[in-house]
Amino acid sequence: YSESGFFSNDSFLTILLQEVMYDHSFYVRAGILGVLRDKCDRSFATPEFMKFFKIFSHDDSSSVRQISYQIIEKLSPYNPIAASSIMHTAILDAFFIIRNDSSIRTRSRIAKTLPFMMKATKKTLKTYTGGFMDIAMQVFEDHLEQKAFENFLEVSAYNSFLIGIIEAMSLIAPIDPDTISCKADFFIPILCSFLNPDTNRQLALSILNLLLVLLSPPASTLAYRAQTAQIIGSCSSFLAATHSRKVRIAILKVFGVTGVLEFHNRPPSKVCRKPENIDDSLVRQFFHPKKDIEGTLDDSLLLDSAT
């Protein structure tokens, strides 16, 4: 359809979305929305079409929801009010389910979509940072007391759940660094505890990417620099133990930004007292204004014996 130019026909798109909305197969819904995502433009930002995308944003399938959030992200510059309204409802629903649902598999399906939600609400993301950090800190607290799961499906779901939370933090940190960094003393040691060969590789890569973001501008703050020693120690041990090439590359990237931070300390104060045994006449003979002073110099100062 995209090659034949049918996407310019609003009536055709309306009929197509109505049919897809009631299709039982999420493969069909995701497939059609995937094509619309790749071809969407300003014409999709009308209230009529935004109503369809709002319905798809509450779909049972996490894949369909992810694609609908990507479409809304593309359309938000053309219809920011409708996009903000849709994402506001979606984010509040996601926060409620993560806080109150006891099923780790349900929470995992919701957490998978969090990064897509954050990307779709960049302009208003600070509104939700406080609530998200409360959830993230509670997740890390629960991890410290985590009990054994009943089967491997729950283990996989829990890893996916953590990955969704951590990737969402990676997106929020550059936008609202102060809110994230105020909890650094608590969550940095927990993130470092994940860096061992027994951790799921995708989860380890997500954590290393988060550390990379936190230690890089504009997310970097003094709170993370205070934790640099622990980060380097954990990454060094992980680098010596892992056999994954991707993990090693990610660790070296963290080392790279950590090294850069060490060269950005505040310079020492240039204001100092003159030694008591200094010979003023001798100093004046070796003083070169163009080399020994920064900025411009008033030549009249050289005529004054006191300077």
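Buried means under 20% relative accessible area. Cys235, at 0% relative accessibility, therefore counts as buried. The views below show a predicted model.

**View 1. Overview of the protein chain, built from helices.** The chain contains 16 helices and zero strands. It has 307 residues, of which 41% count as buried. Among contacts with a separation of 6 or more, 69% are between residues 24 or more positions apart.

**View 2. Cys192 and Cys235, two buried cysteines without a bond.** The structure holds zero disulfides. The cysteine sulfur closest to that of Cys192 belongs to Cys235, and the distance of 6.5 Å is too far for a bond. Read from the other side, the sulfur of Cys235 has that of Cys192 as its closest cysteine sulfur, 6.5 Å away. A disulfide needs the two sulfur atoms within 2.5 Å. Cys192 has a relative accessible area of 5% and is buried, and Cys235 is buried at 0%.

**View 3. Phe132 in the largest nonpolar core.** This core has 87 residues, and those touching the most other members are Leu114, Phe132, Phe187, Ile188 and Leu208. Helix H8, residues 152-172, gives the most to the core, with 10 residues. With residues up to four places away in sequence left out, Phe132 touches Phe95, Leu114, Met118, Ile165, Ala168, Met169 and Ile172.

**View 4. The aromatic pair Phe44 and Phe49.** Two aromatic pairs are found in a search of the whole structure. In the pair formed by Phe44 and Phe49, the ring centres are 5.7 Å apart and the planes stand at 35 degrees, so the pair is tilted. Planes under 30 degrees apart would count as stacked, and planes over 60 as edge-to-face. Phe44 is buried, with a relative accessible area of 1%. Phe49 is also buried, at 1% relative accessibility.

**View 5. Buried and exposed faces of helix H3.** Helix H3 covers residues 47-56, and its buried residues are Phe49, Met50, Phe52, Phe53 and Phe56. Viewed along the axis of H3, these buried residues fall within an arc of 155 degrees, so they line one face of the helix. Pro47 and Lys51 are exposed residues on the face of H3 turned away from the buried side.

**View 6. Asn79 in the loop between helices H4 and H5.** The loop holding Asn79 runs between helix H4 (62-75) and helix H5 (80-100). Asn79 counts as buried at 16% relative accessibility, because the cut-off is under 20%. Neighbours within four places in sequence aside, Asn79 is in contact with Ala45, Thr46, Pro47 and Met50. Of these contacts, Pro47 is an exposed residue of H3, whereas Met50 is one of the buried residues of that helix.

**View 7. Thr106 and Lys119, with their surroundings.** Thr106 lies in helix H6, which spans residues 104-120. Outside its neighbours within four places in sequence, Thr106 is in contact with Ile97 and Asp101. Thr106 and Phe161 are separated by 55 residues in sequence, and their C-alpha atoms are 9.3 Å apart in space. A further detail of this view is Lys119, whose charged end sits over the ring of Phe116 at 5.9 Å from the ring centre.

How values were computed. Residues are numbered from 1 along each chain as its sequence is written. This is a predicted model: local features need pLDDT of at least 70, side-chain atom pairs count only at pLDDT 80 or more; totals for chains, interfaces and linings use all residues. Side-chain values use heavy atoms; hydrogens and water are left out. A nonpolar core is a set of buried Ala, Val, Leu, Ile, Met, Phe, Trp, Tyr and Cys residues joined through side-chain atoms within 4.5 Å. Buried means under 20% relative accessible area, exposed over 50%, partly exposed in between (1.4 Å probe, protein chains only). Helices (H or I, at least four residues) and strands (E, at least two) are DSSP runs, numbered from the N terminus. Contact means heavy atoms within 4.5 Å. Rings of Phe, Tyr and Trp (its six-membered ring) pair if their centres lie within 6.5 Å; planes under 30 degrees apart count as stacked, over 60 as edge-to-face and the rest as tilted. A charge sits over a ring if NZ of Lys or CZ of Arg is within 6 Å of the ring centre and within 35 degrees of the ring normal. The arc is that of the directions from the helix axis to the C-beta atoms.
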